[in-house]
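Q: Could you take me through one part of this protein slowly, as if I were seeing a structure like this for the first time? I would like a close look at the place where ligand 2 sits.

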Amino acid sequence: MFRTLSSRSSPTFRSLCLHPIRHFSSPTTAVKMAGSTLLGGHGKKHKVTVIGSGNWGSTISKIIAENTRENTDVFEEEVQMWVYEEEVTIPKDSKHYDEANGDKPQKLTAIINEHHENVKYLPGVALPSNVIANPSLQDAVQNSTILIFNLPHQFIRNVCKQIRGHILPFARGISCIKGVNVSDDGVSLFSEWIGEDLGIYCGALSGANIAGEIALEKWSETTIAYAPPPMDSRAPTPRSMSPNPSAGDLPETTHRDVRGRVSKTTLTAVPSEYPPLDHKCFRTLFHRPYFHVQMVSDVAGVSLGGALKNIVALAAGFVDGRGWGDNAKAAIMRIGLMEMVKFGKEFFGETVQTGTFTESSAGVADLITSCSGGRNFRCARKAVEKGISVQDVEREDLNGQKLQGTSTAHEVNSFLKARGLEAEYPLFTAVNGILLGESTVDDIPSLVSDT
Ligand SMILES: NC(=O)c1ccc[n+]([C@@H]2O[C@H](COP(=O)([O-])OP(=O)(O)OC[C@H]3O[C@@H](n4cnc5c(N)ncnc54)[C@H](O)[C@@H]3O)[C@@H](O)[C@H]2O)c1
Ligand SMILES: O=P(O)(O)OC[C@H](O)CO
């Protein structure tokens with residue numbers, strides 16, 4: 001059913017492996033050197049906005065604000081964080097609970113700006129005071145050169161609609177969203193969808209990144225995929241400092257999309273008054289001693305890893321909830337990883353590197369962590385244990401946080417079904433069938449068996 005993956009020693013395998021950019025031996029030194037020596041000396045600084053403030057959005061805002069504070073020659077210290085405004089009651093067990101206010105609901109942005117804590121989506125974690133919660137999308141993105149998209153994928157379309165025409169034409173994005181966009185035309189990644197919709201270049205961040213652990217500064221790794229568009233590396237940065245596989249002989253305003261085609265989006269170059277937006281700059285923005293960044297250029301592989309592993313995590317939760325133990329979970333991960341690679345190769349072509357799935361944090365590592373303790377896994381496990389739907393568990397247990405696996409399973413299934421390819425992806429198909437009540441967990445072994 002599947003093509004066999006290349007053996008470790010084969011040239012094909014070697015050429016597909018990742019070649020991370022290794023910059024410096026110590027993370028702290030890296031931040032300092034990159035900020036003061038390599039990126040500084042430009043007239044303007046980058047302003048950063050994080051669009052989204054959930055569990056991961058708040059954690060990423062914390063990371064970024066710590067780094068903008070340490071690199072004020074490159075970035076404006078203040079980080080705007082767009083918050084989907086809601087009225088929130090501070091929980092009684094929170095240190096910010098105030099007897100005088102009691103259970104009176106308050107605006108989430110006001111709570112964050114006063115107490116420097118997102119009491120609803122990241123309770124108990126102090127945010128740096130340079131994270132500014134902003135309920136206005138258009139105000140939050142104004143004059144920002146770096147836009148970090150970090151919200152559940154079901155909301156991104158509406159958010160992009162609201163900011164279109166209100167961002168700098170030369171802004172650049174990083175999508176931290178784990179999901180895929182399916183339409184009649186096919187399947188697209190949020191990084192490419194955002195880029196095309198807003199007329200900017202957008203890379204992707206994904207990894208074995210359970211937000212709660214990183215917010216507590218427990219060590220983890222992540223992968224950032226960013227292929228700087230040619231016009232950015234031509235103007236301010238010597239080519240040798242900005243690895244750029246998308247360059248070549250393209251005209252000034254064009255670049256290659258994640259599938260290796262010449263993009264229809266016309267880009268505006270980042271003016272040379274700003275420090276160059278390249279791998280070093282993004283590493284400086286995201287890397288912390290407890291959050292290690294690997295820079296790559298495979299945007300499709302990184303985005304697909306983050307999206308598709310959520311379907312596999314649901315399957316892992318199903319078999320765990322059924323009480324089948326670690327062997328069954330390992331089988332789910334093995335089959336899931338193969339379907340992820342197959343999907344990437346089949347629909348995103350040769351630009352997708354197998355090594356992104358098999359070697360990076362955005363691939364196999366995220367699969368393992370998500371199948372061990374992620375929300376999709378936990379909710380699916382509980383649903384089977386209690387005999388209720390995954391959506392019911394999500395509503396009851398997650399306090400407004402959103403699962404990405406359920407909608408991704410449906411979206412990927414409708415894409416495969418329309419092409420008559422459901423049987424080629426038996427695990428993805430089984431998960432969708434179980435969510436719809438058409439199959440049971442007991443059916444999984446026979447559904448995924450290729451013998
Ligand atoms: N939480 C994690 O551990 C984690 C880690 C890595 C990646 N991710 C990915 O990050 C992305 C963001 O997830 P999260 O965990 O930060 O979110 P979340 O599930 O914790 O929070 C839900 C967010 O959606 C917002 N929201 C609710 N209704 C909305 C609306 N109508 N319009 C816009 N926003 C609305 C809420 O305000 C809240 O910020 C997802 O794609 C997720 O897969 C999450
Ligand atoms: O909690 P989940 O299932 O949304 O997964 C969280 C992260 O994506 C794990 O890397």
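A: Happy to: we will start with the whole protein, go to the ligand, and then follow one residue beside it. Please keep in mind that this is a predicted model.

Let's set the scene. The protein has 19 helices and twelve strands, and buried residues make up 51% of its 451 residues. Of the contacts with a separation of 6 or more, 72% join residues 24 or more positions apart. The chain is divided into domain 1 (24-297) and domain 2 (301-448), and the centres of the two, taken over C-alpha atoms, are 26 Å apart.

Now to the ligand. Where does ligand 2 lie with respect to these domains? Both domain 1 and domain 2 give residues to the shell around ligand 2, so the ligand lies between them. That shell has 13 residues, and the closest are Asn 209, Asp 366, Gly 374, Arg 375 and Asn 376. Sorted by class, the shell holds three nonpolar, seven polar and three charged residues.

Which helices should you look for? Helix H11 (299-321), helix H14 (361-373) and helix H15 (375-386) each supply at least two residues of the shell. H14 gives the most, with three residues. A UniProt record (unreviewed entry) places the feature "domain: Glycerol-3-phosphate dehydrogenase NAD-dependent C-terminal" at residues 298-444. In the model, residues 298-444 are 76% helix and 0% strand, and the end C-alpha atoms of this span lie 32 Å apart.

Next, look at how the two domains meet. Here 30 residues of domain 1 are in contact with 32 residues of domain 2. On the domain 1 side, the elements that give two or more residues are strand S8 (180-183), strand S9 (186-189), helix H7 (190-198), strand S10 (201-206), strand S11 (220-225) and strand S12 (291-296). The largest share of that side, four residues, comes from S11. The residues of this side of domain 1 divide into 13 nonpolar, 13 polar and four charged.

A good residue to follow here is Ser 206, which is in strand S10. Is Ser 206 buried or exposed? Ser 206 has 28 other C-beta atoms within 10 Å, so it counts as buried; the cut-off for buried is 20 or more. Leaving aside neighbours within four places in sequence, Ser 206 is in contact with Lys 178, Thr 223, Val 302, Ser 303, Gly 305, Gly 306, Ala 362 and Asp 366. You have met one of these already: Asp 366 is among the closest residues to ligand 2. For a sense of scale, Ser 206 and Pro 275 are 69 residues apart in sequence and 24 Å apart in space, C-alpha to C-alpha.

Finally, find Glu 217, in the loop between helix H8 (211-215) and S11. Glu 217 has 15 other C-beta atoms within 10 Å, so it is partly exposed. The phi of Glu 217 is near 65 degrees, a positive value in a residue other than glycine. Most residues other than glycine have a negative phi. Asn 143, in the loop between helix H5 (137-141) and strand S6 (146-149), also has a positive phi, of about 65 degrees. With 11 other C-beta atoms within 10 Å, Asn 143 is exposed.

How values were computed
Residues are numbered from 1 along each chain as its sequence is written. Chains are lettered from A and ligands numbered from 1 in the order in which they are written. This is a predicted model: local features need pLDDT of at least 70, side-chain atom pairs count only at pLDDT 80 or more; totals for chains, interfaces and linings use all residues. A residue is near a molecule or strand if its C-beta atom, placed from the backbone, lies within 6 Å of it. Ala, Val, Leu, Ile, Met, Phe, Trp, Tyr, Cys and Pro count as nonpolar, Asp, Glu, Lys and Arg as charged, and the others, Gly among them, as polar. Domain bounds come from an automatic or database domain assignment. UniProt positions are given in the numbering used here, feature names are shortened, and annotations may be inferred rather than shown by experiment. Two residues are in contact if their C-beta atoms, placed from the backbone, lie within 7 Å. A residue is buried if 20 or more other C-beta atoms lie within 10 Å of its own, exposed if 12 or fewer, and partly exposed in between; C-beta atoms are placed from the backbone.
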